[in-house]
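Colleague: I should be grateful for a close look at one part of this assembly, namely the contact between two of its chains. Please set it out in connected form.

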Number of protein chains: 4
Amino acid sequence: MNKTRKGFASDNNSGVHPLIMQSLISANQGHEVGYGDDYLTKQAISLFKKEFGEDIDVLFVFNGTGANVIALSCLVSSYQSVICADTAHLYVDECGAPEKQTGSKLLIVKNNNGKIEPEEIIKQLTGFGFQHHSQPGMISISQVTEMGTVYTLEEIRAITDLAHHYGLYVHMDGARLANAAVALNLPYKTFTRDAGIDVLSFGGTKNGMMIGESVLFFNPELSKNIKYIRKQTTQLYSKMRFISAQFIAYFENDLWKKNANNSNKMAKLLEKELSHIKEIKIAYPVESNAVFAILPKRIISELQKKSFFYVWDESTSIVRWMASFDTKEEDIHNFVKIIKKCLDLKL
Amino acid sequence: MNKTRKGFASDNNSGVHPLIMQSLISANQGHEVGYGDDYLTKQAISLFKKEFGEDIDVLFVFNGTGANVIALSCLVSSYQSVICADTAHLYVDECGAPEKQTGSKLLIVKNNNGKIEPEEIIKQLTGFGFQHHSQPGMISISQVTEMGTVYTLEEIRAITDLAHHYGLYVHMDGARLANAAVALNLPYKTFTRDAGIDVLSFGGTKNGMMIGESVLFFNPELSKNIKYIRKQTTQLYSKMRFISAQFIAYFENDLWKKNANNSNKMAKLLEKELSHIKEIKIAYPVESNAVFAILPKRIISELQKKSFFYVWDESTSIVRWMASFDTKEEDIHNFVKIIKKCLDLKL
Amino acid sequence: MNKTRKGFASDNNSGVHPLIMQSLISANQGHEVGYGDDYLTKQAISLFKKEFGEDIDVLFVFNGTGANVIALSCLVSSYQSVICADTAHLYVDECGAPEKQTGSKLLIVKNNNGKIEPEEIIKQLTGFGFQHHSQPGMISISQVTEMGTVYTLEEIRAITDLAHHYGLYVHMDGARLANAAVALNLPYKTFTRDAGIDVLSFGGTKNGMMIGESVLFFNPELSKNIKYIRKQTTQLYSKMRFISAQFIAYFENDLWKKNANNSNKMAKLLEKELSHIKEIKIAYPVESNAVFAILPKRIISELQKKSFFYVWDESTSIVRWMASFDTKEEDIHNFVKIIKKCLDLKL
Amino acid sequence: MNKTRKGFASDNNSGVHPLIMQSLISANQGHEVGYGDDYLTKQAISLFKKEFGEDIDVLFVFNGTGANVIALSCLVSSYQSVICADTAHLYVDECGAPEKQTGSKLLIVKNNNGKIEPEEIIKQLTGFGFQHHSQPGMISISQVTEMGTVYTLEEIRAITDLAHHYGLYVHMDGARLANAAVALNLPYKTFTRDAGIDVLSFGGTKNGMMIGESVLFFNPELSKNIKYIRKQTTQLYSKMRFISAQFIAYFENDLWKKNANNSNKMAKLLEKELSHIKEIKIAYPVESNAVFAILPKRIISELQKKSFFYVWDESTSIVRWMASFDTKEEDIHNFVKIIKKCLDLKL
């Protein structure tokens, strides 16, 4: 294997940023009390509070599915429904973990480039008080979306306003929240907490961390018993300092921003380079670190052999390419060369 | 904080062995496909197969509660019961995760120094075929036990024979399996698979790894759908290579054995040193890396301030001290000095 | 209240057929062993076996949601998905009981007059072997459908063939199975078991019984542990003879057929009478005891006051009228008169 | 079969009181709106409110397991534990329905003649705030107990005081509450609501009803969403009037009291008659309609053949005999004759 190989299959195929690794090494000194009562975890939490406000609750967990499941467990009872996009990670890609762990019904809304909109959401806001129906309990949106698009502040506010008007909570799945922050050029707090989000899954793993996500509660009514829920969801880490140390490096010197800035920029560069290839169309607006392209079917499997990636939709030949924190301009240019070779274009 | 401080509160308060850390650094090269399809995971699995046989299935997971819950999910249906010691980690220390995740009833058996025995287990083997009763479905034993004792081969075989005679499966919670292997001076396979265990939780985190446990299935009938169960239990890791790399280092050069050997030896040394202090009694046989001692109540809180540890049983003043892979003889001697000082003994 | 009032709101608003009531009275003699070990339950089960074959398993339960949940619990694991119509009772009208009780994901298929068809179902048969996706496990169809339509033998066979080809089971929700049998003029067995159905919810309550549904298992692999699942689903009745006695009367002298025949006929009569009113359109084919009509919006609430019924779809002014076992021709004529009066037609 | 045969196996082996049956027949007039919006249900609820106070919430359900599961679902979250007697019906006889439906851990307390006492309960009130432990959430007691004994007002108050002091709720499983009321000679309200009970399972089936139990909520904070929980637990009855009609007859003319008075009296008579047989010992105080007796092992199976009953404890030869609402003095005398015959005593 070529150890320095880089691809576009997923931002979780990339490794660990050197500063994150360095922080892990530094944290590996002596003994520390486990399960989050250590000084590194306190420090990491204080960095989150600096971004989102002092009066929040923060839980560190292993992965995105864990973060989402804990968020849902705190927001809904089993007789309530969760409204999300038909493309939402928690609906499509978590093997039914949300249903299994909460007992709740997931109701889907047709997406528009990965986003959901009030006029479609409202169709699911029915049956209130009717005992035969799951009671609408929350709306979950992904920022960035599974199509790599980014909700604007106004779009988020429209959804949280609708939700709160009907008495629902709003969850944001922020597995790639850093990419959204960079794209919007806004502080985290502005387009999450201040925009009406109640609970946030905040990702680290896809943006240069080795392992670690967090769940942030902006509504104290929802966070009273979260530590028991984390434990019961099997998401409590004994040697917690090793997640905390990563988050410390992630926030220090704005590493999160540098990483996300790079992957967003590289996606833009890829989009630009592809725009010169008339046989390839861009499927969705490129707003973060994802490029969805419509490829000629004939080249897909050959190209996958040369640099693996996922076909997003077989029927429409839409493929997904993700840029990572460590993607370099030359990686883009090399990849475009390979694509062109596959297309039999003269180089 | 003194960064080189070491204590006896728990073996998960220790950090990461340097060879494990080195393996993480080495694994951090280029991009790798996620979720376990990478070459490091294949290599790590092959090392497990070398220990336990080719025809097993292995799942890597985040933590011990996750491992146990997945094991149970594969072994029992919700209308079946799980029989375990009244001190079992999965009964006492997992915040009800087993009940929540499986819907099963846990039936407890009075422990004898942490172990359960056929004559007590058999009292729970009732109600077969009676529709009002949870049907006995499996027995779970911890090796080493929560009291630090170690089942002998004969004791394990007596339980698996009983279980299989009644049509039950047997799970072993091996969060500290390495310490048991060293204590028994037996290959892993001999006192697990060959002794009739059906599914095994195999721990790494408490013996020098940063993060990582595994679940091993010795019965192919039970492992058909484990990957979906892992995902639904929120225990699938995207950047899997970073758990796999640790297991590779763990097995290479018998690091697991060196680490467990050290912590077992240090516990023995602590026991020996304590034997000279007549005000302190050893509560359970010291067979692995745990020392349970009965302290004079008057010194407990002062001693905790000097070097934190957990009181196991308030009413009997039993405390738990755990030796770790990185515990050194001088750590023991220093700790014993502190104890003696607390006891106002002349040094 | 007018005690002899009859309406068209639902077939479960009707009462108990006199022969059913008589059977309850007859069963009320002396003491009987509980939970289904009595002679009346044995007799009732033998009547089911006469219809469906000796080698089936039969469970009596309280209600349709209970029957469906038990059926699903036996057919799928929590990491599997259940495919059904977007109008299916178990998706829309059971307050999320299927998700809560099984942990499974429900995947919906757009209905065509209440039915689902292979070309739409197949779109949900994806992700096999992909650990991030709920694995398709079963298809559930309602016979008669929630729109009152009836699957033909060929339509059922097309679905069961598709399902079995992909390794899925098929459940039929037969809350109104008697109406389907009368409509198809086929023995129960022909369009259920012989048509490839694996598990059947068989209704009694909507067709003249006081209380009682059953779950029939045609696949012995699926019925091994049903009695524990029934108990754990809270659906085991202590004084079972009083459900069994009803089923005995239900099968004796083909009471089920007479009742369903009447309600189907009355629905047809209502359809015919409505066909003379040009302001009212029939929304779906009238094939059983349901008539769905598109009413002028202006008369709905007034008509509801005179004889309560449910609006099925507010946006399209579709209302649902159900005929019952005890609906008489004069009830239809009276109701049509009321409708006409509301429409201000000359009588 | 002898249709007028009566036995002592269980009070749910008896049938339906004639006044209950008459009420069912009277309710079977015309159509009624389903699911509890009918006038009979309103009337039945008002009878409960007359007994327990206007400001309560009442749910009608099918069976005792359903009532208990709904009560628990309202009182505890999955990370909380339920404390009950080791003999509690919900621990022993519901096939794990409580664990499956709530995800909660059940913690058992050694019983004293079926009752639990504060000094034993308090041992389970540990681990508050410790994230590894299920958090104590409620205490459940059975009134009358599974041994037929009856908690005094003081005993109940001691438990509810303890529970509320620690922030726990108290559930009472009143499957045989009428027998307790008669035994205590107290109004229902006095030894339930006024004694600090938060939620009550109130039984009807074992005391002369055909089918029907209810769940009563004395704490409005707990009853906000009970109708959805009932539906999701599969316990919502469509033709609700037929449970309601039974409760109306049950309260009218104090039928519940007459029935329970009879069965309690008959148990006392049986106890008295047995007191003359020196080979038989009474195992627990006879305080309601149950008589637990220690039989010579040699006669058990012969006696069971003549009049079936359950052996409660094989090892101690304790058997259980239940008197019913329809047990007559001559039934007792005949049964005692049979016993004596089995014992080879001269008659």
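Modeller: The account below takes up the contact between chain A and chain B, with a shorter look at a second contact.

This is a predicted model, in which local features need pLDDT of at least 70 and side-chain atom pairs count only at pLDDT 80 or more, while totals for chains, interfaces and linings use all residues. Residues are numbered from 1 along each chain as its sequence is written, chains are lettered from A and ligands numbered from 1 in the order in which they are written, and side-chain values use heavy atoms, with hydrogens and water left out.

Chain A is superposed on chain B by a rotation of 180 degrees with 0.0 Å of shift along its axis, at an RMSD of 0.0 Å; the fit is by least squares on the C-alpha atoms of residues with pLDDT of at least 70 in both copies. That is the relation of a two-fold axis. Of the interface residues of chain A, 100% are also interface residues in chain B, so the copies meet through the same surface.

Contact here means heavy atoms within 4.5 Å. On that basis, 57 residues from chain A and 57 residues from chain B take part. Together the two chains bury about 5,000 Å², 51% of it on carbon and sulfur atoms; buried area is the accessible area (1.4 Å probe) that two parts lose on being put together, summed over both. In chain A, the residues that lose the most area to chain B are A:His31, A:Gln232 and A:Lys239, together 16% of what that side buries.

Between chain A and chain B there are zero salt bridges, a salt bridge being a side-chain nitrogen of Lys or Arg within 4 Å of a carboxyl oxygen of Asp or Glu. The count of residue pairs in polar contact is 45, both residues at pLDDT 80 or more. A polar contact is a pair of N or O atoms within 3.5 Å; within protein, one must be able to donate a hydrogen and the other to accept it, and residues adjacent in sequence count only if both atoms are side-chain atoms.

A second contact joins chain C and chain B, with 18 residues of each chain. Here about 1,700 Å² is buried, 52% of it on carbon and sulfur atoms. C:Tyr79, C:Gln131 and C:Tyr228 supply 45% of the area that chain C buries against chain B, more than any other three residues. Between chain C and chain B the count of salt bridges is again zero, and 16 residue pairs are in polar contact.
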